[in-house]
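The following exercises concern the fold, the core and selected residues of one protein. Each task is followed by a worked solution.

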Amino acid sequence: MIIYTVNAYDVKLVDNVIYEADCSLVKVGGDNIDIGANASAEGGDEDVDDGVETVNNVVYSFRLQQTAFDKKSFLTYIKAYMKQIKAKLQETDPEQVEVFEKGAQAYVKKVIGSFKDWEFYTGESMDPDAMLVLLNYREDGTTPFVAIWKHGVREEKI
């Protein structure tokens, strides 16, 4: 199980099984370090790439690594992951098993129905058995959001 700190993000619960959080595209890099030299006086070029990069704030903050799936490999992964979560719930919170199964099945159908629109990320460790972070865009086509499985995280108040 992964612990994500989501206090900094507006998180909403979907179908009692998924946490969704909107993301932003932010600029990183481009640190201007003045060492006191005048590049133009010394024949240097001032038109240097500033190193600014636009990134997704959640992907960048949590150092997520993009991974790729086709539908078949995603279904293989998600079935194994759901089985793992169900087993853990049966041990720790049996009354949540039915809620999880019903909601997870509905959300997976949603992902499969628009599969080409989704991006998949793993944590920095790239653990193949860990949770995937799913990324898509809202109906406006410009607002990215991430989705993680509620029952696959331990919640901690910070």
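A residue is called buried under 20% relative accessible area, exposed over 50%, and partly exposed in between (1.4 Å probe, protein chains only). The model is predicted: local features need pLDDT of at least 70 and side-chain atom pairs pLDDT 80 or more, while totals for chains, interfaces and linings use all residues. Numbering starts from 1 along each chain as its sequence is written, and side-chain values use heavy atoms, without hydrogens and water.

**Exercise 1.** Determine whether His151 is buried or exposed, and identify its side-chain polar contact.

*Solution.* Step one: His151 lies in the segment after E8. Step two: its relative accessible area is 9%, so His151 is buried. Step three: a polar contact is a pair of N or O atoms within 3.5 Å; within protein, one must be able to donate a hydrogen and the other to accept it, and residues adjacent in sequence count only if both atoms are side-chain atoms. The side chain of His151 makes such a contact with that of Gln96, at 3.0 Å. Step four: Gly152 is also found in the segment after E8, and it counts as buried because its relative accessibility is 1%.

**Exercise 2.** Establish the strand order of the open six-stranded sheet and locate its edges.

*Solution.* Step one: helices (H or I, at least four residues) and strands (E, at least two) are DSSP runs, numbered from the N terminus. The protein has three helices and eight strands. Step two: two strands pair if DSSP finds at least two bridges between them. The sheet has the order E1-E2-E8-E7-E6-E5, with antiparallel pairing. Step three: strands E1 (11-14) and E5 (65-67) are the edges, as each pairs on one side only. Step four: E7 and E8 are joined antiparallel over four bridges; in E8, Pro144 is the bridge partner of Tyr137.

**Exercise 3.** Describe the largest nonpolar core and the contacts of Tyr107.

*Solution.* Step one: a nonpolar core is a set of buried Ala, Val, Leu, Ile, Met, Phe, Trp, Tyr and Cys residues joined through side-chain atoms within 4.5 Å. Step two: the largest core holds 38 residues, and Phe74, Met82, Tyr107, Leu134 and Trp149 touch the most other members. H2 gives the most to this core, with seven residues. Step three: contact means heavy atoms within 4.5 Å. Not counting residues up to four places away in sequence, Tyr107 touches, among others, Val14, Ile18, Trp118, Leu134, Phe145 and Trp149.
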